[in-house]
Amino acid sequence: MKRIVVALGGNALGNNLKEQMVAVKSTAKAIADLIETGYEVILTHGNGPQAGMIRLAMDELNQKDPKSYPVVPLSVCVAMSQSYIGYDLQNALREELLNRNIIKPVATVATQVVVDPDDPAFQHPTKPIGRFMSQSEAEQMAADKGVQVAEDAGRGYRQVVASPKPREIIEVPSIEKLIDAKQTVIACGGGGIPVIKEGQHHLKGAAAVIDKDYCSALLAADIDADLLVILTAVEKVALNFGKPNQTELGEVSVAEMQKYADAGHFAPGSMLPKVEAAIQFAASKPGRRTLITLLDKAKDGLAGKTGTIIQG
């Protein structure tokens, strides 16, 4: 049985509660297909829209009534998003598995991920969260709330926050015990709850959102997965994306993929983190591979029929 970490992209979750309830049903079918095929699946997911939505709601309550609604740290917003996304995912996946007469528990682990307080990312926020806005809306938000905003891959403007690299996943022992108990685990939601080590044992929440693909690569290495599957909005990674000379990539070596990344083929706020995470995992041990493809092509991708495969 091959052990795979599947990192769900935003298209697997939707942008709000209503969309998420619909999206997780089709997501559950695709994941159940992999489990039914015989893969040992560990799920991770993003939380950009959800964490931003929670943060905005908490900030608005605080502005209206500071005494009743104190400021909610960003790390707590990430924890909230982990819980409710995990709830929807595990509920939908459990139902889909039972409909197929597959008796396999599904569990969500609230996952803390250590970051370095001196990471340069804290001085240069780049991680988009929350809803898309027009430029004028974004500038108004920046003026009113003192946050930073940036244009996001041609789709509009969003708030940006620090996105430090993950260093250590605290709950790995718990995740491994659940996997050994034959459970399907949902972990590292939203890249994990960012924490900083203080003193001997204390973990302090950090004002950040960790990139879920980097965290997924770290988790996959920690639990000795065979494959990392990064699901996104395209079937294959492409060079010269959107141009007349666009070229889709099939099987690519780590060295080749690094060369393409260094040449600037992948957008920093879009495909580049996925490619870097893919390289990180594939290069971490001989025989490991990363697949990047669409959610509904995951099964075919794992069978070698489509997608981009990065291998050492």
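This is a guided tour of the structure, going from its main sheet to the helices and then to a few single residues.

The model is a predicted one, in which local features need pLDDT of at least 70, side-chain atom pairs count only at pLDDT 80 or more, and totals for chains, interfaces and linings use all residues. Residues are numbered from 1 along each chain as its sequence is written, and side-chain values use heavy atoms, with hydrogens and water left out.

**The eight-stranded sheet**

Begin by selecting the open sheet of eight strands, whose order is S3-S9-S2-S1-S12-S16-S17-S15 and whose pairing is mixed. Strands here (E, at least two residues), like helices (H or I, at least four), are DSSP runs numbered from the N terminus, and two strands pair if DSSP finds at least two bridges between them. At the edges stand S3 (106–108) and S15, each with a single partner strand, so one side of each is left without a neighbour in the sheet. From one strand to the next the twist averages 20°.

Next, select strand S17 (residues 308–311) together with strand S15 (residues 251–253): the two run parallel and are joined by three bridges, and Ser253 can be found opposite Gln311 in S17. Then add strand S16 (residues 289–294), which runs antiparallel to S17 and is joined to it by four bridges; here Leu291 stands opposite Ile309 in S17.

Keep S17 in view and centre on Ile310, which has its place in this strand. Is Ile310 buried or exposed? With a relative accessible area of 0%, Ile310 is buried, a term that means under 20% relative accessible area, while exposed means over 50% and partly exposed lies in between (1.4 Å probe, protein chains only). If neighbours within four places in sequence are left aside, Ile310 is in contact with ten residues that can be shown together: Val252, Ser253, Val254, Met257, Ala278, Ala282, Arg288, Arg289, Thr290 and Ile292, where contact means heavy atoms within 4.5 Å. A distance drawn from Ile310 to Leu249, C-alpha to C-alpha, spans 9.5 Å in space, although the two are 61 residues apart in sequence.

**Helices to select next**

Select helix H6 (residues 212–222), which lies across strand S1 (3–8), strand S2 (40–45) and strand S12 (227–232) and runs at about 170° to S1. For such values, axes are lines fitted to C-alpha atoms, for helices over the stretch in contact, and angles run from 0 to 180 degrees between N-to-C directions.

Move to helix H1 (residues 17–37) and helix H3, which pack at an angle of about 50° with their axes 8 Å apart. H1 and H3 are therefore oblique to each other, given that angles under 35 degrees count as roughly parallel, over 145 as roughly antiparallel, 65 to 115 as roughly perpendicular and the rest as oblique. Their crossing is right-handed, meaning that the near helix is turned clockwise from the far one by less than a right angle. Residues that make the contact include Leu17, Met21 and Val24 of H1 and Tyr84, Ile85 and Leu89 of H3. By class, the contact of H1 with H3 has 13 nonpolar, two polar and five charged residues, with Ala, Val, Leu, Ile, Met, Phe, Trp, Tyr, Cys and Pro counted as nonpolar, Asp, Glu, Lys and Arg as charged, and the others, Gly among them, as polar.

Now replace H1 by helix H2 (residues 48–64), which packs with H3 (residues 74–99) at an angle of about 125°, their axes 9 Å apart. H2 and H3 are therefore likewise oblique to each other, and their crossing is right-handed. Gln50, Ala51, Met53, Ile54 and Arg55 of H2 make this contact with Leu74, Cys77, Met80, Ser81, Tyr84 and Ile85 of H3.

**A hairpin and two loop residues**

Select strand S10 (residues 193–198), which pairs in the parallel sense with strand S4 (residues 112–114) over three bridges and is joined by four bridges to strand S11 (residues 202–205), running antiparallel. In the hairpin of S10 and S11, which has three residues between the strands, Gly199 takes a positive phi near 65°.

Finish with Asn101, in the loop between H3 and S3, and Asp224, in the loop between H6 and S12. Asn101 has a positive phi of about 60° although it is not a glycine, and Asn101 is exposed, with a relative accessible area of 69%. Asp224, also not a glycine, has a positive phi of about 55°, and at 40% relative accessibility Asp224 counts as partly exposed.
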